[in-house]
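Me: I would like a close look at one part of this structure, explained slowly enough for someone in the first year of study.

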Amino acid sequence: MSLGLSNLTNNYYNNYINQQSKVAEQNNNIGFNSILSTKATEKATKTEWSFKDMWQSRFPGAYYNVMDTSKIDSTLWGRNDYPWEKYFTNNADETVLDWKPSGVEPPMGDPKVQARINSTIGKKAIVVPPELEEKMKNDSELAKKVLAKVENFIASQDAANPNPRKGYLIALDENGEIAHACVTSEKMTVSSSEMVESNERRKEKHAEYERIAEDKALKRKLQEQQVADRKAYTSNLTQEIINKYEKNTIL
């Protein structure tokens, strides 16, 4: 009798423990699911985007690479045989950073050069140094400003050459400025070195215009001074003659 009662008591106790365990497990599941749901909601309502998100949202299908191109000399970047097309992927091989020419620079019309250029047309790629990406992770306003600079650059190139089929490769420095760029189209290719040279020519021409304007202004001032001197001399001479005449008349 006692044994049977003992067994019933143990069974009741075990059933009770099992029920309490199930309740606790259900409560834990509810709590965990609630946390997951909260996290999912936070993620869904998150409004801060990374620079990569901004770039690829603004230009769907555009490529994004985190690499430091600051050590690439502009004379190398501007060569017709520089492998710009290597950056038009989301996983660019970093050996491109150490590229060196293997011979004389080929002309723009070289079939191999044209083939590489054609592979970039209609595409966009950007290269962001690690330091800049880290800064933009913690500064969404900086990310927006950098994107605005890139957009303005693309817009200015589109305005200068309305050809809709272009390729854009833009490499930024650690401060978010455009360090290197290459713009390709079916009829032209412009690298950053050529842009620099073009800007230098414009600056030189502008300086020449300013020098010519200054020379003209100086000549004009000299002429005005000469006229003023002649008038003063004539006035003094006339007065001297008048004075002599009056003196002779009095005598």
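What follows is my request about one helix and its surroundings, and then a single connected answer. Please start from Asp158 in helix H6: which residues does Asp158 touch, not counting residues up to four places away in sequence?

Reply: The model is a predicted one, in which local features need pLDDT of at least 70 and side-chain atom pairs count only at pLDDT 80 or more, while totals for chains, interfaces and linings use all residues. Residues are numbered from 1 along each chain as its sequence is written, and side-chain values use heavy atoms, with hydrogens and water left out.

Asp158 belongs to helix H6, which covers residues 140-160; helices (H or I, at least four residues) and strands (E, at least two) are DSSP runs, numbered from the N terminus. Asp158 counts as partly exposed because its relative accessibility is 33%, where buried means under 20% relative accessible area, exposed over 50%, and partly exposed in between (1.4 Å probe, protein chains only). Once residues up to four places away in sequence are set aside, Asp158 touches Lys166 and Tyr168, a contact being heavy atoms within 4.5 Å. The side chain of Asp158 makes a polar contact of 3.2 Å with that of Lys166, and a polar contact of 2.6 Å with that of Tyr168. Such a contact is a pair of N or O atoms within 3.5 Å; within protein, one must be able to donate a hydrogen and the other to accept it, and residues adjacent in sequence count only if both atoms are side-chain atoms. Val183 comes 25 residues away from Asp158 along the chain, with 9.9 Å between their C-alpha atoms.

Elsewhere in helix H6, Glu141 and Lys144 form a salt bridge whose closest N and O atoms are 3.5 Å apart, the term meaning a side-chain nitrogen of Lys or Arg within 4 Å of a carboxyl oxygen of Asp or Glu. Because they are three residues apart in helix H6, about one helical turn separates Glu141 from Lys144. Glu141 is partly exposed at 45% relative accessibility, and Lys144 is also partly exposed, at 46%. A search of the whole structure finds seven salt bridges.

The helix also contributes to a nonpolar core, which is a set of buried Ala, Val, Leu, Ile, Met, Phe, Trp, Tyr and Cys residues joined through side-chain atoms within 4.5 Å. The largest such core has 21 residues, and those touching the most other members are Phe51, Trp55, Ile126, Val128 and Leu172. At least two residues of this core come from each of helix H2 (51-58), strand E2 (124-128), helix H5 (130-137), H6, strand E3 (166-172) and strand E4 (178-185). H6 supplies six residues, the largest share. Beyond its neighbours within four places in sequence, Trp55 has contacts that include Leu147, Val150, Ala62 and Tyr64.

Aromatic rings can be followed here too, and seven aromatic pairs are found in the whole structure. Rings of Phe, Tyr and Trp (its six-membered ring) pair if their centres lie within 6.5 Å, and planes under 30 degrees apart count as stacked, over 60 as edge-to-face and the rest as tilted. Phe51 and Tyr64 make a tilted pair, 6.3 Å centre to centre with 50° between the planes. This pair links distant parts of the chain, 13 residues apart, with Phe51 in helix H2 and Tyr64 in strand E1 (residues 63-66). Both Phe51 and Tyr64 are buried.
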